[in-house]
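Colleague: Please take a close look at one part of this model, the largest nonpolar core, and set it in the context of the chains around it. A plain account will do.

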Amino acid sequence: MEAGLLVQMLLGALLGLSVYLPLRCGQLSLATPGFFAIGGTVAALLSTRVPALAGSGSTYPIASVLLEMVLAALLTGVLALVLGRMVLRLRGIYLAIATIALVEILRVVTLNLEFTGGAVGIFGIPQPFQSAEGYGAFTLVLLALVCWMCDRLEKTRPGRAMAAIRDDELAAASQGINTADTKLLAFVLSALVAGITGVVAAHFLNSWNAKLGNFDASITTLAFVVLGGSRTWLGPVFGGLLLTALPELLRPVGDLRLIVFGAVILVGPLIFPQGLITLERLQALWRRRPPWLALPSNRGRR
Amino acid sequence: MDHLLQLLLNGLAVGAVYALFALGYTLVFSVLGVINFAHGALFTLGAYFTYLLIGGAVGANGLIAGLQLPFALPFWLALLLAGVGAAAVALVVERIAFRPLRARGSDPLLALITSLGAGVILVNLIQLLVGAESYSIPVGTLGSLPVALSIAGAKVRTVQLLLLAIAGVLLLALTIWIDGSRSGKALQAVSEDPVTAQLLGINSGRMIQIAFGISGFLAGMAGGLVGLSVSIAGPYFGIGYGLKGLGVLVLGGLGSVPGAVLGGLIIGLAEACVPADFSGYKDAVAFGFLFLVLLIRPQGLLGRPLAEKV
Amino acid sequence: MGLQLRSFTLQALATAGGLSLLLPLGGCQPSRPSGAGKPSLTLGAVIALTGNASLIGQDQRLGLELAQQEYGGRQPALNLRLEDGGSDEQTATLALRRLLQEPVVALIGPSLSQQAFAVDPIADRAGVPVLAPSNTAIGIPEIGPFVSRVSAPVSKVAPLSIQAARRLNPKLQRVAVFFAQDDAYSTSETKIFQQSIRSLGLNLVTVQRTSTADIDFQKPIADSLKNKPDLIVISALPNDGGNLVRQIREMGYKGLIVVGNGMNSPNIYAVCQRYCDGLLIAQAYSPETDTPINQRFVALFKQATGSASPPQFTAQAFTAYQVIHQALEQLQRQQANGQPLASMSLAELRRQLNSSMLTGTYATPLGKLKFTPQGEVIQQEFYVAQVAMDTTGKTGRFKLLSNPAPDLR
């Protein structure tokens, strides 16, 4: 497979995780593209306007990329803290629309501001890697880290609190779970993931503009989670990888490409209402594992 | 005061289309509790149907390049039939993208994605068939009516007034139907509580089809009207309205018919009030307004407060 | 949840497993020319066949196909590989990277300037010449040595139409400007328009920002007509711009309207219909150009579509293909002992093609073209046309005004 496609698939998986995090506690937030756009803008501005970051070599230093990621995470985190307090009182589709409204406001403001380059955006973003393979490795490490974080989260107290809120918010509150803080935690984590993903994407795409965080992106990333499955972090990762790759894999069908793509999005949830990756399916897979995959001892439940 | 009147007229004309759009969403939402993302595509489809039915020819780029119907209907009839055509497609969308999920009692979230898929298919099918170029309903379609009228010093395009009038009639008819007829009351009963409605002998499957049919009809008519007022700007032309309509829907309160109308008019007027120097922020104003309203009134202007358990 | 399988490593393994299932689906076996196969070369093109910009892409597709028909069979034989670049950066990136896996000698595209800023650096780093048929934003040839364009930059074309408007109505003073703020081309163009309005000493009374997705413009029109402009200048794309023109006229504006190059397409006739009449437009291409190559191109176009006025995007795409083919021909002639170009190493062929392309002079439907060493196009002819609609109001033509081309050499 072409390495550039792999990078975009990995970025898709990261965005899927960003949508998945609030959904784990039952919050349908579609703000991910907004934070993604902010992360990308931070990277684009810093790497093109701050000469000190450029280093001395021919490639842009990875340390500078990491610094951009930290700054993007800080900015998106703080923004998510403030906005989360405001919007997380909303429920269901109202929350979804409020977050779409935020994304749309951000897009329009970006278009109107001079320093973000308007519709043309910011171009000539320096490259930390010479090849797509470099980006692939970097993004893979990032994805592994975020997956690991999600996995830890699912097994620890805040993670279980999130699951409890998703199942029944009132019951969760009556068990002494601080529902507001838990939801806010998920929202902030989601924003951080989207923000740092934006940093990588901005370098990978060479240029950045307001269109990269729009309504379409909100819905597409939601499809990653729904089609992949929203009960374990593996679902959005798988959905993100698959749905980013699909339009490319469909290139041989030519002009019918997006029609087939639409059909897959339409039929997928009908066949797999729980998403492709469910705990049951994972268990079944595990039961039929080849012998060499056996663990020395069953660690059992935590 | 001609400026104020001008503002009001502009706002109303735009708002009426938003309202029509949001009504389609709200009808489906009230019976199913989900948003139909294929609605924008139905709107687009209605516009193309209208264009074909008044005798318009297809351009050179699609699969059916050069096609032209052997007859040309008068505009009002074409518009009605386009509404019916869009309603038929809406029923197909319901059958394929919604009913299987409902039968299984699946998570409503899934319907967002299946209907999105249906919308992607429709939009790209349109492009495949008729190409991406824009089509226009001929300027002379409205016969001898003047293109613009002056009302107390304010200028308004006649077609906008017509659009406003037709939208008003449709909205009124819908309200009367919902409040005054048996089937309308049945629809309300289903949206209040599907299980009880079923117990009362209301066929909720049938009511859902009716809701989809009317919603598609409204979308088709709105598409044809906007197509007449401006032009059919390619297969993606419903998308912008789709997003705005969603905002209007939530602003008014999900599932509320008067809310959809009120929301449409408010956003139309709010956009009209954006000072000329800040015209670039127009789209943000609508959504900023929506955002603020949601913070103050989480269920929208006329929506019922949501129950704690969803 | 009595689930034993919550181990991170296992889930990661499962993902890797799933990924490896996808790998064969990628199905990319670069079709390398097999040793002694036919010496035919491949030209790649990334254009917008889906999404908002597909209106541009479908015009370009036709231009490329006509050029393939005209030049593809001549020596050196050239195959066209067309990929849908969508209307966004991600799709364009993937399409371009896909083509880079093939032995393409050069690339044509992408459709939008925003996409060019994303994908051209990739091709440039790979040493593959990219010739843009429609990117007019400032800074495109500067992306790298392998990036060039046949689409004249907006700074050259735009001011001509304002000057023409001034000649038609020497008394004009008050100018209202509209532009589509979410379109990169229109935002660049409006800057040039506004500069030239000011430099002519005209009074810029209002600037209205619209969006390419807008269809109702009553509000910005009412706002601008309050300022009593005697010239309106629009930078937009055919759909939204055509609507804007129609609504401006319907709202009773009688003065001159100048529209930008984004609207230089017969597609506008369907939108503004009889209200298109009288629009002033500066063009990088005119169907009425009286040269053999343009007559040939118009004839090909007429054969394919039945219409005799090709859009500018079609002409530019045709030109891009033609330029690359003629540069290859030139390169072929320079080969000692007539070695076929296909026997040259691909990297070397691409490098030589790029320098051959930038040094040649070409007679194209756009007029005589050559390039600066940087890859910027030097076009000899620009046109200012005025739209003349026929009596049915359904179709019309761009009627040339007297040639205003300034000295560009």
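Modeller: What follows starts at the core, moves through the parts of chain C, and ends with chains A and B and their contact.

The model is predicted, and everything below should be read as computed from that prediction. The largest nonpolar core has 346 residues. Within this core, the residues with the most contacts are B:Val17, B:Ala19 and C:Leu107. Helix H1 of chain B, residues 2-32, gives the most to the core, with 18 residues. Domain 1 and domain 2 of chain C both give residues to the core, so it lies between them. As general background, nonpolar side chains tend to be buried together in soluble globular proteins.

C:Leu107 is a convenient place to look in detail. Leaving aside residues up to four places away in sequence, C:Leu107 touches C:Gly44, C:Ala45 and C:Val46, then C:Leu96 and C:Leu99, and further on C:Ala123, C:Val128 and C:Val130.

Next, the domains of chain C. The assignment gives domain 1 as 41-152 + 292-375 and domain 2 as 155-283 + 383-400. Their centres, taken over C-alpha atoms, are 30 Å apart. The contact between the two takes 12 residues from domain 1 of chain C and 14 residues from domain 2 of chain C. On the domain 1 side, the elements that give two or more residues are helix H4 (113-126) and helix H11 (312-334) of chain C. By class, that side of domain 1 has seven nonpolar and five polar residues, and no charged ones.

Chain C also offers a set of paired strands that can be followed residue by residue. Strand E8 of chain C, residues 231-235, is mostly covered, with five of its five residues buried. In a regular strand the side chains alternate between the two faces of the sheet. For E8(C), one side carries C:Leu231, C:Val233 and C:Ser235, the other carries C:Ile232 and C:Ile234, and both faces are covered.

E8(C) pairs with strand E6 of chain C, residues 174-180, through five bridges, and the two run parallel. In this pairing C:Val175 stands opposite C:Leu231 of E8(C). E8(C) is also joined to strand E9 of chain C, residues 256-259, by four bridges, again in a parallel arrangement. Here C:Ile232 stands opposite C:Ile257 of E9(C), and C:Ile234 stands opposite C:Val259 of E9(C). E9(C) is covered on both faces as well: C:Leu256 and C:Val258 are buried on one side, and C:Ile257 and C:Val259 are buried on the other. The residues that E9(C) sets opposite C:Ile232 and C:Ile234 therefore belong to one face of E9(C), that of C:Ile257 and C:Val259.

Chain B, which supplies H1(B) to the core, has 11 helices and two strands. From the N terminus on, its elements run α-α-α-α-β-β-α-α-α-α-α-α-α. Its radius of gyration is 19 Å, which agrees with the value near 19 Å for a compact globule of 310 residues. The C-alpha atoms of chain B fill a box of roughly 55 × 50 × 35 Å along the principal axes. Buried residues make up 56% of chain B. Of the contacts in chain B with a separation of 6 or more, 76% are between residues 24 or more positions apart.

Chain A has 12 helices and zero strands. Its radius of gyration is 20 Å, close to the 19 Å that the globule rule gives for 302 residues, so chain A is as compact as a globular protein of that length. The C-alpha atoms of chain A fill a box of roughly 55 × 45 × 45 Å along the principal axes. In chain A, 58% of the 302 residues are buried. Among its contacts between residues at least 6 apart in sequence, 81% join residues at least 24 apart.

Finally, the contact between these two chains. It involves 40 residues of chain B and 36 residues of chain A. On the chain B side, the elements that give two or more residues are helix H3 (75-104), helix H4 (108-130), helix H9 (239-252) and helix H11 (282-296) of chain B. H4(B) gives the most to that side, with 13 residues. By class, the chain B side has 29 nonpolar, seven polar and four charged residues.

Terms used
Residues are numbered from 1 along each chain as its sequence is written. Chains are lettered from A and ligands numbered from 1 in the order in which they are written. This is a predicted model: local features need pLDDT of at least 70, side-chain atom pairs count only at pLDDT 80 or more; totals for chains, interfaces and linings use all residues. Two residues are in contact if their C-beta atoms, placed from the backbone, lie within 7 Å. Ala, Val, Leu, Ile, Met, Phe, Trp, Tyr, Cys and Pro count as nonpolar, Asp, Glu, Lys and Arg as charged, and the others, Gly among them, as polar. A nonpolar core is a set of buried Ala, Val, Leu, Ile, Met, Phe, Trp, Tyr and Cys residues joined through C-beta atoms within 7 Å. A residue is buried if 20 or more other C-beta atoms lie within 10 Å of its own, exposed if 12 or fewer, and partly exposed in between; C-beta atoms are placed from the backbone. Domain bounds come from an automatic or database domain assignment. The radius of gyration is taken over C-alpha atoms; the globule rule is 2.2 Å times the number of residues to the power 0.38. Two strands pair if DSSP finds at least two bridges between them.
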